[in-house]
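Dear colleague,

I am handing over the structure below, together with an account of what was found in it. Please keep the structure open beside this message as you read.

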Amino acid sequence: MPCIELFEEQDSSYKESILPMNVKKRVVVEAAHSFGWHKYIGLDGIAITMDRFGASAPGGTCLENFGFTVENVVNKTKEIL
């Protein structure tokens with residue numbers, strides 16, 4: 001979902017076609033905070049996000065330390081399946 005605001009402007013049938021209500025295990029990967037995403041991931045989903053402030057390092061190092069790697073995303077996704 002590239003833009004929450006644009007998604008929210010769509011009609012309910014479109015939203016249902018993108019995020020069906022019967023799909024309960026969703027994963028959000030957001031290189032920022034998780035605020036607002038819980039509405040879309042639900043109780044059974046997970047958010048891989050950066051919910052703290054103050055880390056300083058080269059971008060790739062920060063992304064790796066916060067879990068934004070293919071391996072971590074795959075492993076976290078498998079955990080909820």
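One definition is needed before the rest: a polar contact is a pair of N or O atoms within 3.5 Å, where, within protein, one atom must be able to donate a hydrogen and the other to accept it. Please also bear in mind that this is a predicted model.

With that definition in hand, I would begin at Thr-49, whose side chain is joined to the side chain of Asp-51 by a polar contact of 2.9 Å. Thr-49 has its place in strand β2, which covers residues 46-49. Is Thr-49 buried or exposed? Thr-49 counts as buried because its relative accessible area is 13%, and the cut-off for that word is under 20%. Once its neighbours within four places in sequence are left aside, Thr-49 is in contact with Glu-30, Ala-32, His-33, Ser-34, Phe-66 and Phe-68.

Two of these partners, Phe-66 and Phe-68, lead on to the largest nonpolar core, which consists of six residues, the others being Ile-46, Ile-48, Cys-62 and Ile-80. A second core, separate from that one, has five residues, among them Phe-7, Val-28, Trp-37 and Tyr-40. Returning to Cys-62, this residue touches Ala-55, Ser-56 and Ala-57, if residues up to four places away in sequence are not counted.

As for the chain in general, there are five helices and two strands, and these follow the pattern α-α-β-α-β-α-α when read along the sequence. The C-alpha trace spans about 45 × 30 × 20 Å along its principal axes. Of the 81 residues in the chain, 20% count as buried. Among the contacts between residues at least 6 apart in sequence, 32% join residues that are at least 24 apart.

The last feature to pass on is the largest pocket, which holds about 330 Å³ of space. Its lining is made up of 16 residues, and those closest to the centre of the pocket are Leu-19, Met-21, Arg-26, Lys-39 and Tyr-40. Tyr-40 is thus named twice in this message, since the second core also includes this residue. Which elements give two or more residues to the lining of the largest pocket? They are α1 (4-8), α2 (12-18) and α3 (38-41). By character, the lining residues divide into seven nonpolar, two polar and seven charged.

With kind regards

Notes. Residues numbered from 1 in each chain as written. Predicted model: local features only at pLDDT ≥ 70, side-chain atom pairs only at ≥ 80, totals over all residues. Heavy atoms only, no water. Core = buried A, V, L, I, M, F, W, Y, C linked by side-chain atoms within 4.5 Å. Buried < 20%, exposed > 50% of the residue type's maximum accessible area, 1.4 Å probe, protein only. Contact = heavy atoms within 4.5 Å. Helix = DSSP H or I, 4+ residues; strand = E, 2+ residues; numbered from the N terminus. 1 Å grid on protein atoms, 1.4 Å probe; cavity = no way out; pocket = protein on both sides within 12 Å on 5 of 7 lines; lining within 4 Å. Points joined across faces, edges and corners; volume = space filled by probe spheres on them. Nonpolar A, V, L, I, M, F, W, Y, C, P; charged D, E, K, R; others polar.
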